[in-house]
Amino acid sequence: MRLHRILALALRILAQFIHDTRTLGLMLVVPVLVMALIGYVFRAQEDGKIAVAVVNEDTPSGGRGRLSQVIVDGLAESEKASVTSLSRAEAQASVQSGASDVALVFGSSFTDQLWKNRRTALTIIVEGSNPAQAGAALGTVSGLVMENFPNLLKNMMPKPLSFLFANGLPLQLEIERLHGNASFTTVDFFAPLSIAFLSFFLVFLLTSVSFLRERTHGTMERLAASPVSRLEIVLGYLLGFGLFSLLQVAILVLFTLYVLKVQIIGSVFAVLLVTGLVVLGAVNLGIFLSAFARNELQAIQFIPIVIIPQFLLSGLFWPLADMPGWLQVVARAMPLTWANEALVDIMVRGRGLLQAWAGLAALAGFAVIAGALATWSIRREVA
Amino acid sequence: MFVIETAALARRFGRISALDRFDLAVRKGETFGLLGPNGSGKTTFIRIAVGLLRPSSGRIEVLGHELPAGRAAVIPRIGYMPQAHGLYEDLTVRENLGFFSRIFGERSGARRKARIDEALALAGLADRGSSLARTLSGGMRQRLSLACALVHDPELLLLDEPTVGVDPELRRSFWEHFRALNRKGVTIVVSSHVMDEADRCDRLALIRQGRVLAVGSVPQIRERAGTADLESAFLALAGSAAGAPA
């Protein structure tokens with residue numbers, strides 16, 4: 001094995017990038033654009049107030065005050081909700097049209113029931129066609145309602161006793177986060193894997209296409225009739241694409257941290273290391289799979305096989321532990337699952353490289369196995 | 001002595017026999033033609049001689065080493081021009097040459113530059129050094145492809161149909177290059193399916209269905225077949241080979 005031949009291959013790949021400005025743009029600009037979209041979409045979702053339509057039909061008997069008003073006032077004061085009072089029919093129309101995210105209906109016997117049975121019912125109406133949106137709205141509104149319940153109880157005490165709760169209920173709810181903090185948003189959770197995913201996807205696609213060209217344009221034939229060995233070819237590709245991806249990932253990470261202001265607790269170096277391992281695996285996998293494609297279109301056809309399952313099973317959308325057993329096995333065989341775990345460990349949980357060792361080892365193992373397959377796939381009868 | 005020598009060389013792809021009892025010898029410093037129709041085994045022979053394919057049986061010795069065992073010793077001394085251009089479209093002409101020069105082990109920048117300049121001049125591409133390969137015309141690509149095979153100063157050149165799709169003027173300049181290389185002691189093996197290229201070779205082998213019909217200079221072959229031109233000789237020899245018992 002000769003270093004200068006590996007360097008020659010790596011330099012060639014870098015020179016090809018420089019001359020192919022469109023691909024250069026794709027590799028450096030597109031990840032940033034996609035990351036920006038991910039960032040702004042999730043931010044927009046979280047920043048918005050929830051529009052709550054309140055239908056208050058509460059009519060207490062015996063001249064008592066409406067206890068429902070305590071909750072409505074609490075909602076109105078909250079920063080997370082904007083409240084409008086409507087009739088039941090108006091509220092339904094408003095939710096239907098999307099003007100309101102959720103409607104709260106206090107029935108006519110809300111106060112009476114509470115006094116009489118110590119329990120009462122509250123109806124919440126959501127549009128429901130988008131479960132994620134509905135879930136988020138429901139979560140926020142129920143949270144706000146529960147927050148205001150102590151005040152409600154206070155109102156039910158006889159005046160002389162209410163001093164007991166002057167400082168709220170004896171039970172105080174304190175939320176303790178093991179990781180992240182109150183300002184942690186979905187983007188902060190999505191960002192780590194998005195970085196790894198974008199690099200994996202683009203590098204895999206590019207390697208498989210450029211290696212396919214090597215095979216179809218006859219340059220592989222030339223390399224095979226030269227002193228360069230199969231391992232040197234794979235290492236040269238790794239070095240060339242590795243150096244280039246380092247630039248790509250660095251731009252992406254800087255953008256994510258300083259423009260999107262995604263919070264990361266662990267070290268940036270660790271993030272680069274994990275992503276670097278992901279990229280090495282992607283290069284090797286690209287070389288290996290390019291052997292099974294006869295043209296560029298066929299290389300593109302690997303995307304639904306290689307990319308999409310990894311995206312769905314990486315644990316980003318669906319916790320690994322909740323998957324059926326056999327699917328967990330499949331997910332464990334995919335590098336992005338391990339990358340996601342390692343990156344969440346580092347960026348969200350603030351763990352060090354040593355604590356994320358399992359993910360790193362799995363990624364390195366994947367890169368080595370894919371590298372062996374890649375070397376094997378460069379078929380030359382005479383070794 | 002002989003630069004390439006084969007004895008009962010054979011190569012099968014599954015049940016198809018691409019080369020069979022293939023015997024020939026190429027002398028140092030000559031231009032040797034492999035002449036035969038498409039699918040007659042020319043490319044298979046060249047790929048065996050550059051160490052890309054293993055013989056199924058028989059022997060082949062290249063530059064004094066038996067293949068495939070002696071491949072590592074032989075490969076750096078051979079220049080190979082495959083049928084497909086084998087160029088990097090996204091590299092400039094000079095970068096293409098520089099890459100192959102590096103791959104073949106030229107580590108000194110100054111020597112590499114000298115070799116590249118020489119190859120560029122030979123291919124008539126001296127003024128296109130910084131053009132991207134994808135912007136070159138078909139003939140220019142063909143010349144660059146030849147230059148890439150030459151850039152490491154090989155002793156033996158194996159050219160697979162180098163003049164296909166090349167206009168007559170360029171074809172003539174190719175043959176002039178080959179002559180100049182011969183004078184420097186470089187041995188050239190060139191395959192072609194065009195009969196009128198045969199006259200330019202010192203010696204040639206007529207090939208049909210993986211067998212060597214005849215080896216020699218054009219006059220020798222004509223004489224043996226008793227015909228006035230090479231094409232009739234090919235047909236006559238092919239006829240007697242087909243008629244003869246296997």
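What follows is a short chat about a predicted model with chains A and B.

Visitor: What kind of model is this, and what do the cut-offs do?
Guide: The model is predicted; local features need pLDDT of at least 70, side-chain atom pairs count only at pLDDT 80 or more, and totals for chains, interfaces and linings use all residues. Residues are numbered from 1 along each chain as its sequence is written, and chains are lettered from A, with ligands numbered from 1, in the order in which they are written.

Visitor: What does the model score for ipTM and pTM?
Guide: ipTM is 0.89 and pTM is 0.79.

Visitor: And what pLDDT does chain B average?
Guide: Chain B averages 88, and 98% of its residues score at least 70. pLDDT is the predictor's confidence in each residue, from 0 to 100.

Visitor: How many residues of each chain are in contact?
Guide: 21 residues of chain A are in contact with 26 residues of chain B. Being in contact means that the C-beta atoms of two residues, placed from the backbone, lie within 7 Å.

Visitor: Which elements of chain A give two or more residues to that side?
Guide: Helix 1 (3-19) and helix 8 (219-224) of chain A do. Helix 1 gives the most, with 7 residues. Helices (H or I, at least four residues) and strands (E, at least two) are DSSP runs, numbered from the N terminus.

Visitor: How do the residues on that side of chain A divide?
Guide: Into 7 nonpolar, 7 polar and 7 charged. Ala, Val, Leu, Ile, Met, Phe, Trp, Tyr, Cys and Pro count as nonpolar, Asp, Glu, Lys and Arg as charged, and the others, Gly among them, as polar.

Visitor: New topic. Which domains is chain A divided into?
Guide: Domain 1 (3-43 + 185-377) and domain 2 (50-165), with bounds from an automatic or database domain assignment. Their C-alpha centres lie 49 Å apart.

Visitor: Back to chain B. Where is the cis peptide bond?
Guide: It runs from L67(B) to P68(B), with omega near 0 degrees. P68(B) sits in the loop between strand 6 (65-66) and helix 2 (71-74) of chain B. Most peptide bonds are trans.

Visitor: What is the phi of A8(B)?
Guide: Positive, about 50 degrees, although A8(B) is not a glycine. A8(B) is in strand 1 (residues 2-13) of chain B.

Visitor: Why does A8(B) count as partly exposed?
Guide: Because A8(B) has 13 C-beta neighbours inside 10 Å. A residue is buried if 20 or more other C-beta atoms, placed from the backbone, lie within 10 Å of its own, exposed if 12 or fewer, and partly exposed in between.

Visitor: And what about the phi of R21(B)?
Guide: R21(B), in strand 2 (residues 16-22) of chain B, has a positive phi of about 40 degrees.
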